[in-house]
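Me: I have a chain to go through, and I would like short answers with the reasoning shown. Here it is.

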Amino acid sequence: FCEDDESMPPVQALLRREFFDDETSFKAYHKVLQPGTRLSVTGHVGPSRNPGEVLLFIHGATFLSPNSNPQHMKNILRLVHSGDLPLQEFAPALNMVPNELQEQLGKKGDKDDGYYNKVGHQIL
């Protein structure tokens, strides 16, 4: 969707829970879909209760790039590190190969906010 194209009707997008493998994946994607985030979505169009508006039911999303908010990056890194978001999808979106991102994140285990902030600032 292009924000600059005023000829397009407003679109609401709805992330469909039933298209995710589990509740954890759904919640993780829900957390990282923030304003300014770029993604590719697949879905189908349905009617909206709002006149002149279209509803897109999302049943697939691929993360393309984060927004510029360091807090957002920290959350993405935390969710990738925990395994709640797929490393294979998010590494290219962060301009890294999966092994490089895995190396940046280190071994699984408890990491504090400072750790994710440091890694996030290196990526941003």
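Reply: Helices and strands here are DSSP runs, numbered from the N terminus; a helix needs at least four residues and a strand at least two. The model is predicted.

Me: In which loop does Asn-95 lie?
Reply: Helix H3 covers 87-93, and helix H4 covers 98-105. Asn-95 belongs to neither run: its place is the loop between H3 and H4.

Me: Is Asn-95 buried or exposed?
Reply: The cut-off for exposed is over 50% relative accessible area. Asn-95 has 72% relative accessibility, so this residue counts as exposed.

Me: What is the phi of Asn-95 near?
Reply: Most residues other than glycine have a negative phi. Asn-95 is not a glycine, yet its phi is positive, near 60°.

Me: What is the strand order in the open sheet?
Reply: The sheet has 3 strands with mixed pairing. Strand S1 (11-15) and strand S2 (38-47) are the edge strands, each pairing on one side only. That puts S3 in the middle, and the order is S1-S3-S2.

Me: By how much are neighbouring strands of this sheet turned against each other on average?
Reply: Direction is ignored for this value. The average over neighbouring strands is 40°.

Me: Do S1 and S3 run parallel or antiparallel?
Reply: Strands of a sheet pair through backbone hydrogen bonds, in one sense or the other. In S3, Val-54 stands opposite Val-11, and Leu-56 is the bridge partner of Ala-13. Numbering rises on both sides, in keeping with the 5 bridges that join S1 to S3. The two strands run parallel.

Me: In which sense do S2 and S3 pair?
Reply: Arg-38 has Ser-65 in S3 as its bridge partner. Gly-46 has Leu-55 in S3. Numbering rises in S2 while it falls in S3. Over 10 bridges, the sense is antiparallel.

Me: Which residue in the turn of the S2 and S3 hairpin has a positive phi?
Reply: The hairpin has 6 residues between its strands. One of the turn residues has a phi of about 75°, and that residue is Gly-52.

Me: How far apart in space are Pro-35 and Gly-52, C-alpha to C-alpha?
Reply: Pro-35 sits in the loop between H1 and S2 and is exposed, with a relative accessible area of 70%. Gly-52 is in the turn of the hairpin. The two are 17 residues apart in sequence, and their distance in space is 22 Å.

Me: Is Thr-37 buried or exposed?
Reply: Thr-37 shares the loop between H1 and S2. Its contacts include Phe-63, Pro-66 and His-72. Its side chain also reaches the backbone oxygen of Val-32 at 3.5 Å. The relative accessible area is 15%, so Thr-37 is buried.

Me: Which residue caps the N-terminal end of H1?
Reply: A side-chain oxygen of the cap lies 3.1 Å from the backbone nitrogen of Thr-24. The residue that supplies this oxygen is Asp-22.

Me: Within what arc do the buried residues of H1 fall?
Reply: The buried residues of H1 (residues 23-32) are Ser-25, Phe-26, Ala-28, Tyr-29 and Val-32. They line one face of the helix, because seen down its axis they fall within an arc of 165°.

Me: Which elements do the buried residues of H1 pack against?
Reply: Two of the partners are strands, S1 and S3. The helices that join them are H2 and H3.

Me: Which exposed residues does the face of H5 turned away from its buried side carry?
Reply: The buried residues of H5 (residues 113-123) are Tyr-116, Val-119 and Gly-120. Their arc covers only 100° around the axis, so they sit on the same side of H5. That side packs against H2 and H4. The face turned away carries Lys-118 and His-121.

Me: How many charged residues are in the contact of H4 with H5?
Reply: The two axes come within 10 Å and cross at roughly 145°. From H4, Leu-101, Gln-104 and Leu-105 take part, and they meet residues of H5 including Tyr-115 and Ile-123. The contact divides into 6 nonpolar and 2 polar residues, and the charged count is none.

Methods
Residues are numbered from 1 along each chain as its sequence is written. This is a predicted model: local features need pLDDT of at least 70, side-chain atom pairs count only at pLDDT 80 or more; totals for chains, interfaces and linings use all residues. Side-chain values use heavy atoms; hydrogens and water are left out. Buried means under 20% relative accessible area, exposed over 50%, partly exposed in between (1.4 Å probe, protein chains only). The arc is that of the directions from the helix axis to the C-beta atoms. Contact means heavy atoms within 4.5 Å. Axes are lines fitted to C-alpha atoms, for helices over the stretch in contact, and angles run from 0 to 180 degrees between N-to-C directions. Ala, Val, Leu, Ile, Met, Phe, Trp, Tyr, Cys and Pro count as nonpolar, Asp, Glu, Lys and Arg as charged, and the others, Gly among them, as polar. Two strands pair if DSSP finds at least two bridges between them. A polar contact is a pair of N or O atoms within 3.5 Å; within protein, one must be able to donate a hydrogen and the other to accept it, and residues adjacent in sequence count only if both atoms are side-chain atoms. Lists of a residue's contacts leave out its neighbours within four places in sequence.
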